[in-house]
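Let's take a friendly walk through a protein chain together. Keep the picture in view and turn it as you read.

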Amino acid sequence: MRKTNNTPAKGKRMEAIKKEAFTLLDIQPKTEAQRMMMAGYLEGQNIVAYGSAGSGKSFIACYLALKDLQEKEKNKIIIVRSAVPTRDQGFLPGSLEEKSAVYQIPYVNFINELCQNGAAWDIMTKKEIIQFMTTSYVRGVTLDDAVIIVDEFQNMTVHEIYSLLTRIGENTQVILCGDTKQTDLNKKKEESCFNWVMKVSERMPEWFDSIHFMPCDIVRSEFVKKLIMVTEDL
């Protein structure tokens, strides 16, 4: 059962942020897989959402995280991406924030759209209600009262995902989103954590729901749906 941590200070802080940052859109699932993802999360499960690109996995994850903020169940949203891009960019000048800014763009768009406020991402990241990080920077912390969105998890190694999952503290849920057909690890001769995650989730059914998103669940566009369907067996 999910713990509620509604201290007066937290309640006042979240109310102020809500008024400043967003009025959450009312999102209804468009496919059965989206319905299962939303239902599982709202029942308190951690979620493994995997499968076809364009099926709304990351968008629904952001919606569920914001809903928990709105209802004061959680205190922050932590979005974690694979460290693969930062490995490639390690030699480039600039701060980690500057290097990773391009990878934040989808979430900036999702959050601003869902909050109906073009400044929502900036407001909430400035107040550290939303944090974006890579797996290289999660050691030594305990993540309490949070929603952790792990996107593109197929690009993480077992070591990376294990390091992240062992940071989970009280009143925290994790949503893992991934697609094995869009991995950057093969060319690096590193093994994806995908199979490991699936085995772990199967052995922890009281903690995890796994939802397979099929080509029929694609909502991005009819073109993308058709493209993925006709290239499934190529």
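Let's begin with a pair of helices: α2 and α3 are roughly parallel to each other. Where does that description come from? Two packed helices are described by the angle between their axes and the distance between the axes. For α2 and α3, the angle is about 30 degrees and the axes lie 11 Å apart. Angles under 35 degrees count as roughly parallel, so this pair earns the label. The crossing of α2 and α3 is also right-handed. On the α2 side, the contact is made by Q34, M37, M38, Y41 and L42. On the α3 side, the residues are K57, I60, A61, Y63, L64, K67 and D68. Sorted by class, this contact has eight nonpolar residues, one polar residue and three charged ones. Please remember that you are looking at a predicted model, not an experimental one.

Now zoom out to the whole chain. It holds nine helices and six strands. Of its 234 residues, 50% are buried. If you take the contacts with a separation of 6 or more, 82% of them join residues that are 24 or more positions apart. We will meet some residues that are far apart in sequence a little later.

Next, look for salt bridges. How many are there by the rule used here? The count comes to four, and we can visit some of them. One is formed by R35 and E32, whose closest N and O atoms are 2.7 Å apart. Both residues sit in helix α2, which covers residues 32–42. Because R35 and E32 are three residues apart in that helix, they are separated by about one helical turn. R35 is partly exposed, with a relative accessible area of 39%, and E32 is also partly exposed, at 46%.

Another salt bridge links E71 with K67, and here the closest N and O atoms are 3.2 Å apart. E71 is partly exposed, with a relative accessible area of 41%. You have already met K67, since it is among the α3 residues in the contact with α2.

A further salt bridge joins the side chains of E232 and K181, at 2.9 Å from N to O. Here E232 lies in the segment after α9 (222–230), while K181 lies in the loop between β5 (173–178) and α8 (194–203), so the pair ties together parts that are 51 residues apart in sequence. E232 is partly exposed, at 34% relative accessibility, whereas K181 is exposed, at 55%.

Stay with the loop between β5 and α8, because it also holds D179. Is D179 buried or exposed? D179 is buried, with a relative accessible area of 11%. Leaving aside its neighbours within four places in sequence, D179 is in contact with G51, S52, A53 and Q154. D179 and K57 are 122 residues apart in sequence, and their C-alpha atoms are 9.9 Å apart in space. K57 is another residue that takes part in the contact of α3 with α2.

S52, one of the contacts of D179, leads us to M214. In sequence, M214 and S52 are 162 residues apart, but from C-alpha to C-alpha they are 5.5 Å apart. M214 lies in the loop between β6 (208–213) and α9. With a relative accessibility of 37%, M214 counts as partly exposed.

To finish, turn to the backbone of two residues, E128 and N171. Phi of E128 is near 60 degrees, a positive value in a residue other than glycine. You can find E128 in the loop between α6 (120–126) and β3 (130–134). N171 has a positive phi too, of about 55 degrees, although it is not a glycine. Its place is in the loop between α7 (158–165) and β5. What about their surroundings? E128 is exposed, at 54% relative accessibility, whereas N171 is buried, with a relative accessible area of 9%.

Technical notes. Residues are numbered from 1 along each chain as its sequence is written. This is a predicted model: local features need pLDDT of at least 70, side-chain atom pairs count only at pLDDT 80 or more; totals for chains, interfaces and linings use all residues. Side-chain values use heavy atoms; hydrogens and water are left out. Helices (H or I, at least four residues) and strands (E, at least two) are DSSP runs, numbered from the N terminus. Buried means under 20% relative accessible area, exposed over 50%, partly exposed in between (1.4 Å probe, protein chains only). Axes are lines fitted to C-alpha atoms, for helices over the stretch in contact, and angles run from 0 to 180 degrees between N-to-C directions. Angles under 35 degrees count as roughly parallel, over 145 as roughly antiparallel, 65 to 115 as roughly perpendicular and the rest as oblique. A crossing is left-handed if the near helix is turned anticlockwise from the far one by less than a right angle, and right-handed if clockwise. Contact means heavy atoms within 4.5 Å. Ala, Val, Leu, Ile, Met, Phe, Trp, Tyr, Cys and Pro count as nonpolar, Asp, Glu, Lys and Arg as charged, and the others, Gly among them, as polar.
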